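Got the viewer open? Let's walk through the empty spaces first and the charged pairs after that.

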Amino acid sequence: MPKEKYDPPDPRRLYTIMSAEEAANGKKSHWAELEISGRVRNLSSSLWTLTHLTALHINNNNLSRIPPDIAKLPNLVYLNLSSNKLRSLPAELGNMVSLRELLLNNNCLRVLPYELGRLFRLQTLGLKGNPLSQDILNLYQEPDGTRKLLNYMLDNLAVHPEQLPQRPWITLKERDQVASSAVFTVMSYNVLCDKYATRQLYGYCPSWALNWEYRKKGIMEEITNCDADIISLQEVETEQYYTLFLETLKDRGYDGYFCPKSRAKLVSEQERKHVDGCAVFFKTEKFSLVQKHTVEFNQVAMANSEGSEVMLNRVMTKDNIGVAVLLEVKIELFSAGMKPTQDKQLLLVANAHMHWDPEFSDVKLIQTMMFLSELKSIAERASSSVASGSPASDPASIPIVLCADLNSLPDSGVVEYLSSGGVAENHKDFKELRYNECLTNFSCNGKSGKSDGSITHSFQLKSAYESNLMPFTNYTYDFKGVIDYIFFTKTHMSVLGLLGPLETQWLVDNNITGCPHPHIPSDHFSLLAQLELQPPLPPLNGLHLTVHSAACDSQKLKD
């Protein structure tokens, strides 16, 4: 992990004794450090209740063992056990991942538990004056020896538990048995490309489990086990798309489309192989490709900057992209014996990966607006190529499935915009920066439309994973939250079922510091949703009604 600033405790510790009068007046004491001295042989069990402690000085005593309960002090940053009579250490020390300084000098330690390798934030490890094996001492005495020794221990630590529990399938509703409908599954998955899978970022993961040759097996296993009809992947390296993903999935009946981030145009051929991007795969027995599109957000930003400096300096400088494929749903996918009411049922599948930095909430929101604006243009062009009079000639009749790593939490402006159809021009995520002039270009009314103080879109979108069904889609040491999504057009589709989360308690019970992990090949969990598509009904007095809106209208008539 990157070396964060760490200030060790001041060795000149000062003590202030509270007077009886102060105690009687209810004065509060705030202390995060504790020193125990006096040739102590045993520690009181009440010590483990002081969970607020950040520093514990129990050096210069006569302790021959440290109980496993020490791990009940999860906030310890500094632990001094030097100059005792310790012959062994509890493996549970490895769970104390907040530790930055662990001093074990001048004890009787011959061996160290390999679990110490899990202390990936440790900056100082004191081992002098112990009868340790020469192998351990040689490694420790090398330049950057602490880090090398911890890495060696982590890489050789046995993996527990032996396997991952299965994620549950959550059924939300049954398929419509009356109307003609098509049912298909959609997967969204950020696979964590090799270039970003470093020990600096994921110091809690053994180097062998970060290695691409190891991780790619788990990633492909995840993808093939889900066996989705449509697969959207983020962070796919260019070379891996062609040599691994496309090659493997073509054998399983898929075709695909991929585009790397915009920087691929600016780097050497060798570097280009490692530029990541977004990919969409679909089963050819269920869908046929009509069109494929790439949306480069920096290009859209430049074309719509309207002289805005923040648009040019903040948005245009990010090279994120989105891809979209326009598919035709094959007749065979619809309910047995029931054909759709129109000749051609189109489906627009989009996939994007937005900028990562939490400080750029404005950029994420604008990238999302640009993407939807471009998808609207794609839908309009597609519908204009269909014979007029057909339901598919109306852009709103082309349903959308949008998969994305939005790098945005459920309470963000990005998710509000997608779910509710718009956000205010002065939304806090714009950070009070001057975007107003260019934002109207992305509103569904367009530049000429009347502004009501908000930027809107015309898609009726709903998130497949609602009601906190997933407590997190990204799980690392310092961040756990939902940032990956599957959205769909709610007027045409509904969710029948979802792949649920890995049980949070299992991760806690097994001390999973974060992902990747030997059993979890990415820092993201995949999303998998089963969607039911109900195409529009035949024209009624010149009006095109979807099944859902027709049902709503009939309900209104009853009311």
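Select strand E20, residues 484-489: with three residues, this strand gives the most to the lining of the largest cavity. Keep in mind as you click around that this is a predicted model. To see the whole wall, add Ser463, Tyr465, Met470, Thr473, Val482, Asp484, Tyr485, Ile486 and Leu527, which line the cavity. The space inside comes to about 50 Å³, and the count of cavities of 30 Å³ or more is one. Colour the lining by class and you get six nonpolar, two polar and one charged residues.

Now for the pockets. Centre the view on Trp356, Pro358, Asn407, Asn474 and Ile483, which lie nearest the centre of the largest pocket among its 39 lining residues. This pocket holds about 1,100 Å³ of space, and its lining splits into 15 nonpolar, 12 polar and 12 charged residues.

Next, pick helix H5 (residues 212-226), which supplies eight residues to the lining of the second largest pocket, the most of any contributor. Around the centre of that pocket, look for Leu164, Glu221, Glu222, Asn225 and His519, the nearest of 22 lining residues. Here the space is about 680 Å³, with 11 nonpolar, six polar and five charged residues in the lining.

Jump to Lys364 in helix H10 (residues 361-384). What is the nearest side chain of opposite charge to this buried lysine? Show Asp357: its side chain is 6.4 Å away, and Lys364 has no salt bridge. Turn on the backbone too, and you'll find the oxygen of Asp357 3.3 Å from a polar atom of the Lys364 side chain.

Time for the salt bridges, of which the structure holds 15. Start with Asp319 and Arg263, whose side chains meet at 2.7 Å, N to O. The two sit 56 residues apart, Asp319 in the loop between helix H9 and strand E12, Arg263 in the loop between strand E9 and helix H7. Asp319 counts as buried because its relative accessible area, 13%, is under 20%, while Arg263 is partly exposed at 28%.

Then select Lys265 and Glu296, another bridge at 2.7 Å, N to O. Lys265 is in the loop between E9 and H7 and Glu296 in strand E11, so the pair ties together parts 31 residues apart in sequence. Lys265 is exposed at 58%, whereas Glu296 is buried at 17%.

Last stop: show Asp227, Asp229, Lys283 and Lys286 together, and you have a network of salt bridges.

Note on methods
Residues numbered from 1 in each chain as written. Predicted model: local features only at pLDDT ≥ 70, side-chain atom pairs only at ≥ 80, totals over all residues. Heavy atoms only, no water. 1 Å grid on protein atoms, 1.4 Å probe; cavity = no way out; pocket = protein on both sides within 12 Å on 5 of 7 lines; lining within 4 Å. Points joined across faces, edges and corners; volume = space filled by probe spheres on them. Nonpolar A, V, L, I, M, F, W, Y, C, P; charged D, E, K, R; others polar. Helix = DSSP H or I, 4+ residues; strand = E, 2+ residues; numbered from the N terminus. Buried < 20%, exposed > 50% of the residue type's maximum accessible area, 1.4 Å probe, protein only. Lys, Arg positive; Asp, Glu negative; His and termini not counted. Salt bridge = Lys/Arg side-chain N within 4 Å of Asp/Glu carboxyl O. Polar contact = N/O pair within 3.5 Å; in protein donor to acceptor, adjacent residues only side chain to side chain.
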